[in-house]
Amino acid sequence: MTLQYPVTIDELAHCSGVGKAKAERHGGPFIELIKKYVEDNHIERPQDIVIRSAANKAANKVYIIQSIDRRKSLEDIAAGKGLTMDALLTEMEHIIRSGAKLNIDYYIQDNIEEDHQEVLMDYWRESESASLEEALAEFEDDPDYTEEEIRLMRIKFLADYGH
C-alpha cells in the first residue's frame, strides 16, 4: 500500500496480501485515509504517471502526424512539443513502426541534397535489415552524410516500402 497508494477498492485489492474480499470488507477506511494523504501531500501515484505518459505520447503522435500533413518544418514540430530533433526522429520511427504513414518528401526535398537522397535510398533498398546501426556504420567514414540525413531517409524508405 505504501508503494501503490491505492485510492479505490479495486486498486487496494491488487495490493499484495489484500485480495478482493478483504478490500471490500475492510478497505473503506484505508482508502479514505490514503486518498486524503495523497491529496494533502501532492503525491504522484505510479499508475497516474503511466496513464499521463501514455496520453502525452498519444497526443505527441497525433500532433506530429497532423503537423507533417500540414508540411510544417521538422524543427518547428520539434519546438512545438519541446523535443530535440533526435527525439522527434525517434517518435517518427515509432509512428512508422506502428503502421502509420508519414510523407516527409517536402522536408527531404528542401533539406537533403538530391544525390544524397539517391545514394541513401539505394542503400536502404539494397539493405537486408534496414538497421539504423548498420547504416550509421556504413557511412561513418563519410562526413558528407549526417546521422539526421540517414535517419530521415530511413523513415522515408520505411514509409514508402514498408518494414
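**Exercise 1.** In this predicted model, determine which residues are exposed on the other side of helix 7 and which residues of that helix are buried.

*Solution.* Step 1: Glu114 and Glu126 are the exposed residues on the other side of helix 7. Step 2: the buried residues of the helix are His116, Gln117, Leu120, Met121, Tyr123 and Trp124. Step 3: viewed down the axis of helix 7, these buried residues fall within an arc of 155°, so they line one face of the helix. Step 4: an α-helix has 3.6 residues a turn, so residues three or four places apart point the same way. Step 5: the buried residues of helix 7 pack against helix 6 (105–111), helix 8 (132–139) and helix 9 (147–161).

**Exercise 2.** Classify His116 as buried or exposed, and list the residues that His116 touches.

*Solution.* Step 1: His116 belongs to helix 7, residues 114–126. Step 2: its relative accessibility is 7%, and buried means under 20%, so His116 counts as buried. Step 3: leaving aside residues up to four places away in sequence, His116 touches Asp144, Tyr145 and Glu149.

**Exercise 3.** Establish the geometry of the aromatic pair Tyr5 and Tyr37, then that of Trp124 and Phe157.

*Solution.* Step 1: the rings of Tyr5 and Tyr37 are 6.4 Å apart centre to centre with 20° between the planes, a stacked pair. Step 2: Tyr5 lies in the segment before helix 1 (9–13) and Tyr37 in helix 2, so the pair ties together parts 32 residues apart in sequence. Step 3: for Trp124 and Phe157, the ring centres are 6.5 Å apart and the planes at 25°, so this pair is stacked. Step 4: Trp124 in helix 7 and Phe157 in helix 9 are 33 residues apart.

Note on methods
Residues numbered from 1 in each chain as written. Predicted model: local features only at pLDDT ≥ 70, side-chain atom pairs only at ≥ 80, totals over all residues. Heavy atoms only, no water. Helix = DSSP H or I, 4+ residues; strand = E, 2+ residues; numbered from the N terminus. Buried < 20%, exposed > 50% of the residue type's maximum accessible area, 1.4 Å probe, protein only. Contact = heavy atoms within 4.5 Å. Arc of directions from axis to C-beta. Phe/Tyr/Trp six-rings, centres within 6.5 Å; stacked < 30°, edge-to-face > 60°.
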